[in-house]
Amino acid sequence: MPEITLELTDQQAHLLDTIRKQQGLQTLDQAAEWLIKQRMRGASLRLTGRNRALHAVGSPRK
């Protein structure tokens, strides 16, 4: 898999460092990877509609 180099602003680096500390990670790269995975999990849940309540549409037909 190709490596991606990120050019970070000071604010972005600070945010990744905060995430790194909260999650007990060693590097900013690991923090960026964690953040991307979290975002992808959330997007896939919204896309598939998982974790939503199911409601009956009508009475069953006989």
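Q: What is a salt bridge here?
A: A side-chain nitrogen of Lys or Arg lies within 4 Å of a carboxyl oxygen of Asp or Glu. The model examined with this rule is a predicted one.

Q: What makes D17 and K21 a salt bridge?
A: The closest N and O atoms of D17 and K21 are 3.3 Å apart. The cut-off is 4 Å, so the pair qualifies.

Q: How far apart are D17 and K21 in helix α1?
A: Four residues. That separates D17 and K21 by about one helical turn.

Q: Why does such spacing matter for direction in an α-helix?
A: An α-helix has 3.6 residues a turn, so residues three or four places apart point the same way.

Q: What makes R20 and D17 a salt bridge?
A: Their side chains meet with N to O at 2.9 Å. That value is within 4 Å, so the pair passes. R20 and D17 are three residues apart in α1, again about one helical turn.

Q: Which residues are linked in a network of salt bridges?
A: D17, R20 and K21. D17 pairs with K21, and D17 also pairs with R20.

Q: How do you know whether D17 is buried, partly exposed or exposed?
A: D17 has 22% relative accessibility. Buried means under 20% and exposed means over 50%, so D17 is partly exposed.

Q: Why is K21 called buried or exposed?
A: K21 stands at 57% relative accessibility. The exposed class begins over 50%, so K21 is exposed.

Q: Which salt bridge lies in helix α2?
A: The one between E33 and K37, with N to O at 3.1 Å. The limit is 4 Å, so this pair counts. E33 and K37 are four residues apart in α2, which covers residues 28-48. The step is about one helical turn.

Q: What class do E33 and K37 fall into by accessibility?
A: E33 has 43%, and K37 has 41%. Partly exposed runs between the 20% and 50% limits, so both residues belong there.

Q: How many salt bridges does the rule give?
A: Three.

Q: What makes the length of α1 agree with expectation?
A: α1 has 14 residues, and at 1.5 Å a residue it should span 20 Å. Its end C-alpha atoms are 20 Å apart, so the two values agree.

Q: What follows α1?
A: G24, with a positive phi near 70°.

Q: Why is A13 called buried or partly exposed?
A: A13, in helix α1, has 24% relative accessibility. Buried needs under 20%, so A13 is partly exposed.

Q: Which residues does A13 touch, leaving out those up to four places away in sequence?
A: L8 and L28. A13 and L28 are 15 residues apart along the chain, yet their C-alpha atoms are separated by 7.6 Å.

Q: Which residues form the nonpolar surface patch?
A: I4, L6, L8 and L28, with about 380 Å² of accessible area together. One of them, L6, sits in the segment before α1.

Q: What makes L6 eligible for a patch by accessibility?
A: A patch residue needs over 30% relative accessible area, and L6 has 52%, so it passes. The exposed cut-off is over 50%, so L6 also counts as exposed.

Q: What does the whole chain look like in numbers?
A: It has two helices and zero strands. Buried residues make up 8% of its 62 residues. The accessible surface comes to about 6,300 Å², with 54% belonging to carbon and sulfur atoms.

Terms used
Residues are numbered from 1 along each chain as its sequence is written. This is a predicted model: local features need pLDDT of at least 70, side-chain atom pairs count only at pLDDT 80 or more; totals for chains, interfaces and linings use all residues. Side-chain values use heavy atoms; hydrogens and water are left out. Patches are made of residues with over 30% relative accessible area and no salt bridge: like charges are joined within 9 Å, nonpolar side chains (Val, Leu, Ile, Met, Phe, Trp, Tyr) within 5 Å. Accessible areas come from the Shrake-Rupley method with a 1.4 Å probe; for residues, only the protein chains shown count as cover. Buried means under 20% relative accessible area, exposed over 50%, partly exposed in between (1.4 Å probe, protein chains only). Contact means heavy atoms within 4.5 Å. The expected span of a helix is 1.5 Å times one less than its number of residues.
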